[in-house]
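Work through the exercises below with the sequence and the model at hand. Each task is followed by a stepwise solution.

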Amino acid sequence: MSDANLPALPWLAPLQARRAHYADLRLRLSGLLHGETDPIAAYATVACELHHAFAAFHWTGFYRVLPNGSLIIGPYQGGHGCLRIGAGQGVCGAVADSGRSLRLDDVESFPDHIACSSSTKSELVVPVIRPGGELLAVLDIDSDHPAAFDALDQAQIESIAADLGSRLAAP
Ligand code: SME
């Protein structure tokens with residue numbers, strides 16, 4: 001769970017070291033989640049492991065999709081998050097609507113961004129989708145550093161979210 005081998009700004013570490021760090025994380029998650037199909041248990045575990053794996057991740061958590069398309073907070077790590085997000089609102093709502101990830105180097109560049117914390121500078125949001133195509137949740141990671149996420153982070157977090165979607169039972 002430690003990121004002792006990575007600098008505080010993980011994107012400054014060599015790509016190979018970051019890949020290895022993600023590989024360790026994925027291995028841990030696969031062991032911890034083995035046989036687990038409960039969404040809340042799985043979200044809590046992923047939020048905890050991800051949050052503590054990278055020093056630049058300052059808020060890491062899930063918003064669950066409600067039947068009316070709005071979002072409600074799920075397990076997270078970091079300061080308190082907004083409890084509910086209306087359908088289509090904010091970065092999370094946009095990702096839930098489109099089913100596609102959004103990576104923002106500067107949250108101010110997204111006019112509809114919802115600032116749960118004024119210190120947030122950059123954000124990565126990816127969908128959690130079951131194999132049949134049902135959207136369960138979005139995984140939101142915020143950083144107080146600008147441009148904290150790059151293509152490697154996006155690909156790895158998308159893959160973690162896809163694994164998650166494929167193991168969960170219907171809510
Ligand atoms: N920034 C998000 C809201 C969630 S918080 O950042 C935890 C958004 O615009 O949807």
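**Exercise 1.** List the residues that surround the ligand in this predicted model, and sort them by class.

Solution. Step 1: the ligand is surrounded by W59, Y63, I85, G90, V91, C92, H113, I114, C116, E123, D140 and D142. Step 2: sorting this shell by class gives seven nonpolar, two polar and three charged residues. Glycine counts as polar in this scheme.

**Exercise 2.** Find polar atoms of C92, I114 and D142 that approach the ligand.

Solution. Step 1: take the backbone. In C92, a backbone N or O atom is 2.8 Å from a ligand oxygen atom. In I114, a polar backbone atom lies 2.7 Å from a nitrogen atom of the ligand. Step 2: turn to the side chain of D142, where a polar atom is 2.7 Å from an oxygen atom of the ligand. Step 3: consider cover. On its own the ligand has 300 Å² of accessible area, and the protein covers 99% of it.

**Exercise 3.** Which elements give two or more residues to the shell around the ligand?

Solution. Step 1: the space taken by the ligand is the largest pocket. Step 2: the elements that meet the condition are β1 (59-65), α3 (90-98) and β6 (135-143). Step 3: of the contributions to the shell, that of α3 is the most, at three residues.

**Exercise 4.** Is T45 buried, partly exposed or exposed?

Solution. Step 1: locate T45 in helix α2, residues 39-53. Step 2: the relative accessibility of T45 is 23%, so T45 counts as partly exposed. Step 3: for its placement relative to P14, 31 residues apart along the chain, the C-alpha atoms of the two are separated by 27 Å.

Notes:
Residues are numbered from 1 along each chain as its sequence is written. This is a predicted model: local features need pLDDT of at least 70, side-chain atom pairs count only at pLDDT 80 or more; totals for chains, interfaces and linings use all residues. Side-chain values use heavy atoms; hydrogens and water are left out. A residue is near a molecule or strand if one of its heavy atoms lies within 4 Å of it. A polar contact is a pair of N or O atoms within 3.5 Å; within protein, one must be able to donate a hydrogen and the other to accept it, and residues adjacent in sequence count only if both atoms are side-chain atoms. Accessible areas come from the Shrake-Rupley method with a 1.4 Å probe; for residues, only the protein chains shown count as cover. On a 1 Å grid over the protein atoms alone, a cavity is a set of points where a 1.4 Å probe fits but cannot get out, and a pocket is an open set with protein on both sides within 12 Å along at least five of seven lines; lining residues have an atom within 4 Å of a point. A molecule sits in a cavity or pocket if more than half of its atoms lie within 2 Å of its grid points. Helices (H or I, at least four residues) and strands (E, at least two) are DSSP runs, numbered from the N terminus. Buried means under 20% relative accessible area, exposed over 50%, partly exposed in between (1.4 Å probe, protein chains only).
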